[in-house]
Amino acid sequence: MGDCEPSVPLMEEEEENLIAAAQNIVKALGSNRTLTDDARKILADLGSQLSSITRVSEPQDEGVDETEEQFIELEEEFNLVHSKVMNWEVGKSMIWDCGQEEAYEYLRYVDQARKLIERLESLNLVKGSKEDELLRKAHDLLQTAMNRLEEEFTHLLVHNRQPFEPEHMSFRSSEDDTLDDGSIVSFGDDSVEDSVVQRDSMSRSLEEFIIELVHPDVIPDLRCIANLMFDSNYGRECSQAFINVRKDSLDDCLFILEVEKLSIEDVLKMEWNSLNSKIRRWIRAMKIFVRVYLASEKWLSDQIFSELESVSSVCFAEASKASILQLLNFGEAIAIGPHQPEKLIRILDMYELLADLIPDIDAMYSDEAGLCVRTECQDILRSLGDCAKATFLEFENAVASSISANPFPGGGIHHLTRYVMNYMKTLIDYSKTLDELLKGHEKEDTVDMTPDREDDNTDRRCYVSPLAQHFRSFTSILECNLEDKSRLYKDESLGHLFLMNNIHYMAEKVKNSNLRTILGDGWIRKHNWKFQHHAMSYERATWSSILSLLRDEGLQNPGSNSISRTLLKERLYNFSLSFEEVYKSQTGWSIPDSRLREDLRISTSLKVIQAYRTFVGRHTNNISDKYIKYTADNLENFLLDLFEGSPRSLHGSHRK
């Protein structure tokens, strides 16, 4: 070695001084807040390299044992990982925003830190030793990395959310929610129309439809983060981050579906029109929420936590529990509300929908984490079923107790008749459900003769379903009620016309709808006979006394076979006067069914006009034409004005 060459100890001392100076520079520059993130990263790498150089250049004492070498190796590894992890704590940028290469490098170093801890923990460390201190530092570093990964996990979930747009499912809140069929209101409302509240057309149309709630490109990244956090015993933090983000997303979904947060008290105070609209919206929202959104939510959690056994189920259940229970809470409020008949169809809609969705819900909440949701669904379904049954039975009482103080104007079809028949017609769509709910509430006559017994001449008896039993009871109660209402008319003829109209309406409603399958052809024949009987009773009550004026009995002069012209003129005068009274009153009466109206006019014309024409023709030589006020053709034309619901008078102006 020449004189100009420094001794080895001198070189080592200079190198150490140089490295120490460089480290001080790096440390000083690193504290400068004006540096860019790139500059900070370069300096951090330089610091890591200098730290490594220091250890490589340190002389290896021959006396260093194996344990010391192992510690040095672990410490070097820790320092390298520490520099890589802490490098990202200098700035505020998100790792995944800088690209996948940077992100996966970060994950590798964090996983290295996790494995380093496992190696240290496998040693029998003495408390307070340098190895124990290194383990503490490693735990602190891992916690820092886990905090960062939790932020990154949340960031990826939030910023890669896909918009939820249910337009493809034809969902819209639209103004028609408020355009309700006005018939299901009350028995005292004369404005009731033929239609009743119809079942929601969407109730069984939507099948499961998976949508991507988070952009599919980041699913592998989210899965990697989740796996690493769970491997590092930070699974609770990862799960909670997922639950918090997805819970907010589920709340947003309910907002999009226009589901309001209503308390039970809010629902119970609501007017029917508003409540009806809310129920219709709930039915649509519930269908979409379960079949589309929850199904997609379950798929998302399964994708992210696919390698973590039951974690997916727990995260899904915890994230979605509040939202599904909010929807079910509305169902509970409806179920405990008053049993008003106008609500029955909507309650049945809710019951059938929930019954249809429960298999889907049970499948998604299949384990212990979802038990409360499964239990709540079953409880609400049972409550809705009990409410529907009680409301159905209450309807029968409501029909029986519908009392009128005044006769129905014009003798037309009473709104109670329309209500009951259209109500039953709509309930046919729910026959299977109602038969199940009404088990144990059958009428006493649980068997009945078959509807066509007259045709097959057998004594065969058949089982009548609970719904059919109650429908027969409804019609019987309705007829009794109509009989009571017919007695309110002072004019017996109008009472019969009223019953004819209403029983004819009942028979036609059954004949031309699915009610026929429930009540049968025998019921129809029986009621056809009934309304025809009332038509004949109307004719007798109206025209019998008038037609008696067109008989020859009592027209002869005393002691002679000749006709008394005075009595003949009196008969014709009284007939015209009586006809005018009938015309005046019965043009104001109503037969809404055009065919029935025409049939009664024809029947009346055949009896009255024929009798009048015969009578006048027989006595044309006994009385002057000036005493014949109306011709038969006049009267026939006048009969065409009857039952139109618009009173007229023949006095002063005669139809020719």
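Let's start with Ser312, which sits in helix α10 (residues 311-335). This is a predicted model, and the notes below walk through that serine, a pair of aromatic rings, helix α20 and the cysteines.

**Around Ser312**

- Ser312 has a relative accessible area of 3%, so it counts as buried, the cut-off being under 20%.
- Its side chain makes a polar contact of 3.2 Å with the side chain of Ser301.
- Leaving aside residues up to four places away in sequence, Ser312 touches Lys298, Ser301, Asp302 and Phe305.

**Aromatic rings**

- The count of aromatic pairs comes to 20.
- One of them is Phe230 with Phe305, an edge-to-face pair at 6.2 Å centre to centre and 75° between the planes.
- That pair links distant parts of the chain, 75 residues apart: Phe230 belongs to helix α6 (residues 219-231), while Phe305 lies in the loop between α9 (272-304) and α10.
- Phe305, one of the residues that Ser312 touches, is buried at a relative accessible area of 1%.
- Phe230 comes out as partly exposed, with 21% relative accessibility.
- Elsewhere, ring pairs join Trp543, Phe575, Phe579, Tyr583, Tyr612, Tyr630 and Phe638 into a cluster.

**Helix α20**

- Helix α20 covers residues 594-618, which makes 25 residues.
- At 1.5 Å a residue the expected span is 36 Å, and the end C-alpha atoms are 35 Å apart, so the two figures agree.
- There is still a kink in α20, of about 30° and centred on Ser605.
- At the start of the helix, a side-chain oxygen of Asp593 comes to within 3.2 Å of the backbone nitrogen of Arg595.
- The buried residues of α20 are Leu596, Arg597, Leu600, Arg601, Thr604, Ser605, Val608, Ile609, Tyr612, Phe615 and Val616.
- If you're wondering about the spacing in that list, an α-helix has 3.6 residues a turn, so residues three or four places apart point the same way.
- The cover over these buried residues includes α17 (492-511), α18 (515-547), α19 (565-586) and α21 (632-639).
- Tyr612 turns up twice here: it is among the buried residues of α20, and it is also part of the ring cluster.

**Cysteines**

- Searching the whole structure for disulfides gives zero.
- Cys377, for example, is in no disulfide, and the nearest cysteine sulfur, that of Cys372, is 9.6 Å away.
- A disulfide needs the two sulfur atoms within 2.5 Å, so the 9.6 Å between Cys377 and Cys372 doesn't qualify.
- Cys377 is buried, with 0% relative accessibility.

Note on methods. Residues numbered from 1 in each chain as written. Predicted model: local features only at pLDDT ≥ 70, side-chain atom pairs only at ≥ 80, totals over all residues. Heavy atoms only, no water. Helix = DSSP H or I, 4+ residues; strand = E, 2+ residues; numbered from the N terminus. Buried < 20%, exposed > 50% of the residue type's maximum accessible area, 1.4 Å probe, protein only. Polar contact = N/O pair within 3.5 Å; in protein donor to acceptor, adjacent residues only side chain to side chain. Contact = heavy atoms within 4.5 Å. Expected span 1.5 Å × (residues − 1). Bend = angle between axes of the 7 residues up to and from the residue. Phe/Tyr/Trp six-rings, centres within 6.5 Å; stacked < 30°, edge-to-face > 60°.
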